[in-house]
Amino acid sequence: MALDHSLIGVEGPAHERTWTSKDTMLYALGVGAGTSELEFTTEKGQRVLPTFAVLAAQAPGRRLGDYDPAMLVHAEQAFELRAELPAAGGVRTTTKVTGIYDKGSGALVTTEATAVDLRTGEVVIANRSAVFIRGEGGFGGDRGPKDSWAAPDRAPDHKVTYSTRPDQALLYRLSGDYNPLHSDPEFAARAGFDRPILHGLCTYGVTGRALLHTVAGSDPARFRAMSGRFTSPVFPGESLTVSIWADGSDVLFRTAKDDGTVVIDRGRATIG
Ligand SMILES: CCCCCCC[C@@H](O)CC(=O)SCCNC(=O)CCNC(=O)[C@H](O)C(C)(C)COP(=O)(O)OP(=O)(O)OC[C@H]1O[C@@H](n2cnc3c(N)ncnc32)[C@H](O)[C@@H]1OP(=O)(O)O
């Protein structure tokens, strides 16, 4: 068996992470914020983009088994934020693998993480994530739970388009994900891509900005939760259009490229 199923349900060692105001500004730049979002990109009255929660509560990945790392892609990401994140702060995170599912063309490995504030001991972030390891399916396992997400039967209430820079991944990676899939053309070719692809969490952060400014009044304190599934790779330099359906505090969304290819599907957010 290539993947280590004995990891399921076993909590990994607690991991402490602190961040500075420079880290959160660099993150904002990495997900495309610039001169029109100075409250996130400069220290004057600095606030933190809610999607930084995913990075704050990330522990170093455990070895999931024996597979080619070039075949791993980020598949799903969800977070809940219990309080607005400070410009500088710290959390202690515990994670556990919650499932290894057989998707035929690959294996889906799901993980949960819970982060407590280092000063208060209160839970501030709860993350759920999944990676898809292409070529590692077909081991006769369960396909996993189904999700009933469906786009509402009406045009989106909002559509927001943001461009990404050709060097977006080189900037984003400085927030800590140095996976060569996003920077090294040879490694990307091994994974079957013509050139390096954008980090899923960069696309996620760009999408989070669109949600924050469109349905949360640009106020991170109102941003409670976000989830979505990465359905197709993005190349740095491509534009991203976020379609948003807002129904009170419950928001559904989808992110697509100019040619209509959906890159984040099954999007949900909760806005207070
Ligand atoms: C905190 C954690 C951090 C993790 C960081 C990881 C390191 C990072 O540096 C890596 C990255 O950022 S990679 C970049 C972002 N991700 C991507 O670009 C992946 C885009 N998605 C794909 O390419 C395909 O959907 C693909 C390849 C995922 C699947 O495509 P196919 O093989 O064609 O599969 P398909 O036939 O469509 O479906 C088969 C079954 O799998 C389910 N499925 C598909 N995509 C899924 C996804 N994204 N998440 C969960 N499940 C998914 C389908 O539903 C189907 O299952 P079922 O029949 O049971 O419904």
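**Figure 1. A close-up of Val251 and its partner across the sheet.** Val251 has Ala269, in strand 10, as its bridge partner. The strands behind this view, strand 9 (residues 250-256) and strand 10 (residues 262-271), pair in the antiparallel sense, with six bridges between them. Helix 6 (residues 200-215) packs on the sheet, and its contacts include strand 9 and strand 10. The helix also touches strand 2 (72-81), strand 6, strand 7 (223-230) and strand 8 (239-247). Compare helix 6 with strand 8 and you get about 45° between their directions. Keep in mind that this is a predicted model, here and in every other view.

**Figure 2. The whole sheet, strand by strand.** Ten strands make up an open sheet, and the pairing is antiparallel. Walk across the sheet and the order reads 1-3-4-5-2-7-10-9-8-6. At the edges sit strand 1 (15-19) and strand 6 (158-163), each with pairing on one side only. From one strand to the next, the twist averages 25°. As a general reminder, strands of a sheet pair through backbone hydrogen bonds, either parallel or antiparallel.

**Figure 3. Stepping back to the full fold.** Count the elements and you find six helices along with ten strands. The radius of gyration comes out at 18 Å, close to the 19 Å that the globule rule gives for 272 residues, so the protein is as compact as a globular protein of that length. Along the principal axes, the C-alpha atoms fill a box of roughly 50 × 45 × 40 Å. Buried residues account for 37% of the 272 residues. Take the contacts with a separation of 6 or more: 72% of them link residues 24 or more positions apart.

**Figure 4. Who surrounds the ligand.** There are 27 residues around the ligand, and the ones that come nearest are Ala75, Lys103, Ser105, Asn179 and Gly200. By type, the shell splits into ten nonpolar, eleven polar and six charged residues. Strand 5 gives the largest share, five residues. At least two shell residues each come from strand 2, strand 4 (106-117), strand 5 (123-134) and strand 7.

**Figure 5. Strand 2 between its two partners.** On one side, strand 2 pairs with strand 5 in the antiparallel sense over nine bridges. Look for Leu81 here, which stands opposite Ile125 in strand 5. Strand 2 also pairs with strand 7, again in the antiparallel sense, this time over five bridges. In that pairing, Glu80 stands opposite Ala225 in strand 7.

**Figure 6. Strand 3 and the hairpin it shares with strand 4.** Strand 1 and strand 3 run antiparallel and are joined by five bridges. One spot to check is His15, whose bridge partner in strand 3 is Thr93. Strand 3 also runs antiparallel to strand 4, with eleven bridges joining the two. Within that pair, Val97 has Thr111 in strand 4 as its bridge partner. Strand 3 and strand 4 form a hairpin with three residues between them. In the turn you will find Gly104, with a positive phi of about 80°.

**Figure 7. Zooming in on Thr93.** Thr93 has its place in strand 3 (residues 89-102). With 19 other C-beta atoms within 10 Å, Thr93 is partly exposed; the cut-off for a buried residue is 20 or more. Setting aside neighbours within four places in sequence, Thr93 is in contact with Ala14, His15, Arg17, Ala57, Ala59, Ala113, Thr114 and Ala115. For a sense of scale, Thr93 and Thr261 are 168 residues apart in sequence and 35 Å apart in space, going from C-alpha to C-alpha.

**Figure 8. Two residues with positive phi that are not glycines.** Ser218 is not a glycine, yet its phi is positive, at about 60°. Look for Ser218 in the loop between helix 6 and strand 7. Ser218 has 14 C-beta neighbours inside 10 Å, so it counts as partly exposed. Arg266 is not a glycine either, and its phi is positive at about 55°. Arg266 belongs to strand 10. Its 18 C-beta neighbours inside 10 Å make Arg266 partly exposed too.

Key
Residues numbered from 1 in each chain as written. Predicted model: local features only at pLDDT ≥ 70, side-chain atom pairs only at ≥ 80, totals over all residues. Pairing = 2+ DSSP bridges. Helix = DSSP H or I, 4+ residues; strand = E, 2+ residues; numbered from the N terminus. Axes fitted to C-alpha atoms, helices over the stretch in contact; angles between N-to-C directions. Contact = placed C-beta atoms within 7 Å. Rg over C-alpha atoms; globule rule 2.2 N^0.38 Å. Buried ≥ 20, exposed ≤ 12 C-beta atoms within 10 Å, placed from the backbone. Near = placed C-beta within 6 Å. Nonpolar A, V, L, I, M, F, W, Y, C, P; charged D, E, K, R; others polar.
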